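Okay, everyone, thanks for coming. I'd like to walk you through a few residues today, so please pull up the structure and follow along.

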Amino acid sequence: MIFGVVAALPFAVAAQPGEGIRDTAFALQFVVACYAGARLCAMVLAGRRRLIQGAFWLFCYLAMGIAPLAQSVLGRDPTPVVGPRSDTVLATALVLLGMVAFDVGALLARNRPTLRRRARRPARVDRPRLWLLVGFSLLASSLLIVQLGGPAVFFTSREEIIAGLAEATAGEVDQETGEAGNALLRGFGTVPVLLSLLLLTRWLVTSRNARRRPAVLGAWTVVLAVNVVVNNPVSNPRYWFLTVLFSLLFTVFPRSPVMYRASLALGVVVALLIFPFADRYRYSDDAAGPAATDSLLEPLTVKDYDQVGMFANHISYVEDGQHTFGRQLLGSVLFFVPRTLWEEKPLDSGVLVGEWMGTNNTNLSSPLWAELWIDFGPLGMTAGLLAVGYGAGRADRRYVDRTLHDPAPGNVFAVVVPLVAGYSFILLRGSLLQATGRIVIAALCLALVTGFRDRPDRRLW
């Protein structure tokens with residue numbers, strides 16, 4: 001596997017015929033693919049499971065490595081790159097720099113000595129409040145289903161879902177309010193029910209008594225059925241379905257290194273062979289999506305793999321103006337503030353750059369590298385990815401300790417880390433503004449069910 005991921009696949013892609021220019025950008029892109037492949041193999045072969053780091057390197061290998069390399073070979077960009085070739089060279093070099101910074105941060109976290117702290121009870125799920133979350137999630141999902149016209153629409157296409165959401169909020173006073181209403185309706189209809197499924201699954205996996213209780217089994221069955229409707233891969237963005245899949249898989253198998261390694265290895269195969277063609281479910285027309293082609297690289301030129309090109313466009317945008325010095329990040333954090341109260345509220349970074357480019361479709365990606373670059377420049381981008389690597393390393397280290405030494409059903413950390421690992425695909429692809437809403441909803445749900453007690457409490461596991 002190591003030879004195939006690190007050398008064979010990048011060399012095979014680079015050797016394909018195409019109209020692309022074999023220049024500095026091509027050479028740097030080849031190095032990025034090999035480096036990310038080596039780090040992904042290190043995650044697969046590691047003795048300790050590193051969920052968040054593994055997801056990071058899986059994304060980097062595919063979206064920032066192999067797919068842009070294929071686009072460079074064919075000379076075809078999924079999204080037009082409006083700046084000179086030097087901006088693409090700089091973007092590729094900065095991608096590599098950010099990956100090295102992430103590695104350094106993870107290394108610092110791994111070698112950080114454990115501090116002696118006062119013993120305290122870890123975060124635990126409060127069982128009565130868990131049932132409250134289950135009830136609320138079923139009500140919220142039911143509202144979403146009813147508003148869109150029933151379960152059948154969720155198995156048609158994303159286009160039908162978007163049209164149904166627009167109709168459900170058609171009475172709003174302006175476009176921004178309507179879009180916010182759409183996001184809240186869909187967010188509360190999908191996120192709480194997913195968390196309910198993960199928490200109930202954790203309970204069943206770790207407790208034999210729970211598996212003997214009809215109430216728990218019945219609730220889990222109902223919640224699973226609702227997730228099949230509202231979180232299925234047909235009507236949801238593929239990156240969100242990856243979140244559902246990864247978080248559920250790592251919750252069902254919290255201690256299995258075999259399943260962890262198989263997930264990362266199969267993730268490469270699924271992303272290369274299945275992920276591009278799943279785009280046909282975005283539209284009502286069954287013929288939509290990547291067209292049939294004899295080229296093995298053609299499926300990797302779809303818009304979902306436009307991260308390096310969009311990073312180059314972000315660089316061109318900054319060269320045409322200036323860095324935003326944290327305004328974009330502030331706009332993502334304060335996403336809930338209406339524009340009527342904040343007239344100069346920043347636009348989504350992908351939309352901002354898309355409008356500057358003059359594209360008709362401004363629903364463009366804005367990878368984490370670009371988000372940090374547009375705000376803080378090269379030093380801020382490097383520091384930001386170093387901090388992300390450090391946080392990922394600390395979370396992965398604590399996850400292993402908590403799942404190995406704390407097999408309690410109500411272990412909150414054992415559910416949070418798989419969820420973050422799955423959602424990291426969305427955070428890395430960007431934009432941050434689009435990703436923030438579901439993060440806040442998930443945080444509110446976790447705050448609802450989490451309890452801290454210095455003394456034992458029968459309600460807390």
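Let's start with Leu108, which sits in helix α4, residues 85–110. Bear in mind that this is a predicted model. Is Leu108 buried, exposed or something in between? Its relative accessible area is 46%, and since buried means under 20% and exposed means over 50%, we call Leu108 partly exposed. Leu108 also has company: together with Val100 and Val104, it makes a nonpolar surface patch of about 220 Å².

Now over to Gln29, in helix α2, which runs over residues 24–45. Here the relative accessible area is 3%, so Gln29 counts as buried. And what does Gln29 touch, if we skip residues up to four places away in sequence? The list is Met64, Gly65, Pro68, Leu69, Thr92 and Val308.

Last stop, Ser431. You'll find Ser431 in the loop between α16 (413–429) and α17 (432–449). Loop or not, Ser431 has a relative accessible area of 1%, so that one is buried. Leaving out residues up to four places away in sequence, Ser431 touches Asp348, Gly350, Ser366 and Glu371.

Two of those partners deserve another look. With Asp348, the side chain of Ser431 makes a polar contact of 2.3 Å. Then there's Glu371: it is 60 residues away from Ser431 along the chain, yet their C-alpha atoms are separated by 7.5 Å.

That's my tour, so over to you for questions.

Note on methods:
Residues numbered from 1 in each chain as written. Predicted model: local features only at pLDDT ≥ 70, side-chain atom pairs only at ≥ 80, totals over all residues. Heavy atoms only, no water. Helix = DSSP H or I, 4+ residues; strand = E, 2+ residues; numbered from the N terminus. Buried < 20%, exposed > 50% of the residue type's maximum accessible area, 1.4 Å probe, protein only. Contact = heavy atoms within 4.5 Å. Polar contact = N/O pair within 3.5 Å; in protein donor to acceptor, adjacent residues only side chain to side chain. Patch = residues over 30% accessible without salt bridge, like charges linked within 9 Å, V, L, I, M, F, W, Y side chains within 5 Å. Areas by Shrake-Rupley, 256 points an atom, 1.4 Å probe, with all protein chains shown as cover. Salt bridge = Lys/Arg side-chain N within 4 Å of Asp/Glu carboxyl O.
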